[in-house]
Amino acid sequence: TLEQSWWQSENGKENVTIQLDLEAEFHFTHLIIVFATFRPAAMLIERSYDFGKSWHVYRYFAHNCPESFPHVKEFSKNITDVICDSRYSGVEPSKNGELIYRVLPPNMNIENPYADHIQNMLKMTNLRINFTRLHTLGDTHLDDRQEIQEKYYYAISNMVVRGSCSCYGHASRCLPLDGVVNKYDMVHGRCECTHNTKGLNCEECEDFYNDLPWNPALGKQTNACKKCNCNNHASSCHFDQAVYEHSGRVSGGVCDNCQHHTQGQHCEECIPFFYRDPLEDIQSPYVCKPCDCDPHGAIDDGICDSVSDPEYNIEAGACHCKANVKGRRCDTCKDGFWNLNEHNPLGCENCTCNTLGTINNSGCNVYTGECTCKRLVVGKDCNECMPESYGLSDSHDGCSPCNCDLGGALDNNCDVQTGQCRCRPNMTGRRCEHPKQNHYRPNLETVYEAEDALCIGFSSYGNCTIVLWENGYVRVPERSDITFVVDDISTTTNYNVIIRYSTQTPGDWEVGTITVIRPDEYDPEGPCAETHPSYETRRPFRLPEHQTAVQGLRDVCLEVGKTYRFKIHFERH
């Protein structure tokens with residue numbers, strides 16, 4: 001101290017201890033003691049860096065080292081060696097003798113002052129000076145009475161402990177602890193930490209700054225603690241050395257207690273039974289959505305894929321389906337299967353559809369098992385041709401229309417295998433279109449094309465417009481008329497009026513009428529007396545979806561040299 005004062009031990013006592021307990025960890029550099037009487041014949045300096053839990057000897061001092069400390073060597077090879085020093089234990093001087101101890105001897109070359117073993121030597125929370133033997137000037141050899149030794153004691157006039165607050169390079173100054181009065185030249189132990197560190201000595205990283213291991217600052221290298229990346233799903237993290245090494249020493253922060261159904265080192269994954277919504281940002285609290293698997297068709301307890309991976313055709317949220325099930329939720333039977341059932345280990349049953357009669361072999365209705373038949377095919381399994389068709393095959397319509405000759409066949413029904421129509425007497429051929437040998441058929445058939453007809457009327461589709469498409473057909477809307485002009489009758493006789501058509505939409509044309517408009521009034525005495533106008537006015541007909549021709553009128557009498565109009569009205573499909 002600046003004032004003249006001293007410390008003195010109890011007279012005659014040899015084993016005496018002086019202990020300094022510091023408020024925090026300091027970096028201790030050297031100790032200077034000035035004695036007011038003879039220096040001790042033997043002593044040692046100890047330090048603790050864990051607040052007294054363990055103690056470690058810095059150095060032994062003795063007038064006779066082999067005698068006082070027989071197991072301690074007197075010369076050092078390494079800076080960390082503990083030795084016995086005899087330079088500061090002589091009898092002379094009897095007053096103001098000094099003892100000087102430096103933690104880092106100036107005569108030893110220190111390549112890296114920031115090396116761990118060097119820094120560890122400087123760390124100190126407690127300093128203890130043990131005096132173990134007095135100098136008695138030989139009096140005790142002549143007379144060993146207690147009062148002889150009581151003439152001697154330890155006395156210190158000045159003691160200097162040098163060091164600095166220990167901040168590991170993460171602070172530029174130290175502040176007094178709460179309740180501590182600041183005095184001149186006093187060194188305080190609470191560091192004003194920077195570089196995202198905390199603690200009295202900046203000895204650990206701040207909360208949530210554990211992505212890198214804590215290290216002391218080295219020169220211009222700050223070794224600042226790095227903030228963890230938890231994608232806003234966690235409020236704390238910890239450093240994991242194994243994770244750090246595995247990352248190539250890039251990132252070792254592991255997030256604690258990930259929220260919002262997330263998991264992983266950075267809370268970057270969804271927990272099982274949740275998937276990452278690609279429309280949400282990774283930091284959104286709603287990024288992980290629950291799997292929504294159908295228990296009837298899903299396996300693995302309803303778990304789904306957590307992230308999308310186009311390379312492997314994986315979709316986030318897609319459930320793991322049974323063998324015969326498909327769909328993101330595993331809620332639909334695959335093509336060719338039906339009847340989704342949770343008790344079926346395969347999920348769905350096989351359809352029994354005939355592949356020839358099924359559209360694109362697409363299978364059956366997933367609820368009823370009924371097959372999706374081609375246009376001219378019927379039956380639950382699409383294995384039968386519709387009436388008036390034959391020859392189940394892989395063609396577009398599945399079967400072919402019988403297309404029996406309306407004059408030579410009894411009707412439009414034919415054999416479902418061969419297509420043979422039922423012929424009238426003296427007619428032959430598959431369609432009954434040829435007379436048998438030694439018979440002939442007069443050529444009375446005349447075809448009138450729809451594109452040559454007149455189209456009148458109005459419908460919900462707009463004004464009636466003739467629209468032509470391939471094969472000479474005309475598309476007509478509802479509530480419209482087509483009028484055919486017939487002016488080339490070559491023989492006065494009865495005729496059948498056949499309407500040929502092709503359906504373009506599903507279902508039958510429910511209501512249609514046909515009317516004959518004659519050029520003259522009815523003549524009861526004429527050649528067509530048996531044909532009364534009431535028999536040929538607004539005669540109804542329907543156009544079945546799966547046929548190609550119907551008989552609109554039967555036994556209509558037409559005379560040579562006259563012009564007739566046949567008005568066909570299409571009311572409702």
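Visitor: What's the angle about the S-S bond in the link of Cys385 and Cys399?
Guide: -90° is not the figure here; this link has -85° and is left-handed. Cys385 sits in strand E24 (residues 384-385), and Cys399 in the loop between strand E25 (389-390) and strand E26 (400-401), so the pair links distant parts of the chain, 14 residues apart. Strands (E, at least two residues) and helices (H or I, at least four) are DSSP runs, numbered from the N terminus.

Visitor: What kind of model is this?
Guide: The model is predicted: local features need pLDDT of at least 70, side-chain atom pairs count only at pLDDT 80 or more, and totals for chains, interfaces and linings use all residues. Residues are numbered from 1 along each chain as its sequence is written, and side-chain values use heavy atoms, without hydrogens and water.

Visitor: How many disulfides in the whole structure?
Guide: A search finds 21. A disulfide here is a pair of cysteine sulfur atoms within 2.5 Å. For Cys385 and Cys399, S to S is 2.0 Å.

Visitor: Is Cys385 buried or exposed?
Guide: Buried, with a relative accessible area of 12%. Cys399 is buried too, at 3%. Buried means under 20% relative accessible area, exposed over 50%, and partly exposed in between (1.4 Å probe, protein chains only).

Visitor: Why does Cys321 count as partly exposed?
Guide: Because its relative accessibility is 22%. Its disulfide partner is Cys330, with S to S at 2.0 Å. Cys330 counts as buried, at 0%.

Visitor: What does Cys353 join to?
Guide: Cys371, again through a disulfide with S to S 2.0 Å. The torsion about that S-S bond is about -100°, so the disulfide is left-handed. Both Cys353 and Cys371 lie in the loop between strand E22 (349-350) and strand E23 (377-378), so the pair ties together parts that are 18 residues apart in sequence.

Visitor: New topic. How many residues in the largest nonpolar core?
Guide: It has 27, and those with the most contacts inside it are Phe28, Met43, Ile45, Leu99 and Phe131. Elements that each supply at least two residues include strand E2 (16-35), strand E3 (42-48) and helix H2 (116-122). E2 gives the largest share, six residues. Such a core is a set of buried Ala, Val, Leu, Ile, Met, Phe, Trp, Tyr and Cys residues joined through side-chain atoms within 4.5 Å.

Visitor: What does Ile45 touch?
Guide: Among others, Leu31, Val57, Phe61, Leu99 and Leu127, not counting residues up to four places away in sequence. Contact means heavy atoms within 4.5 Å. Apart from this core lies another, of 23 residues, among them Val476, Val516, Val556 and Phe566.
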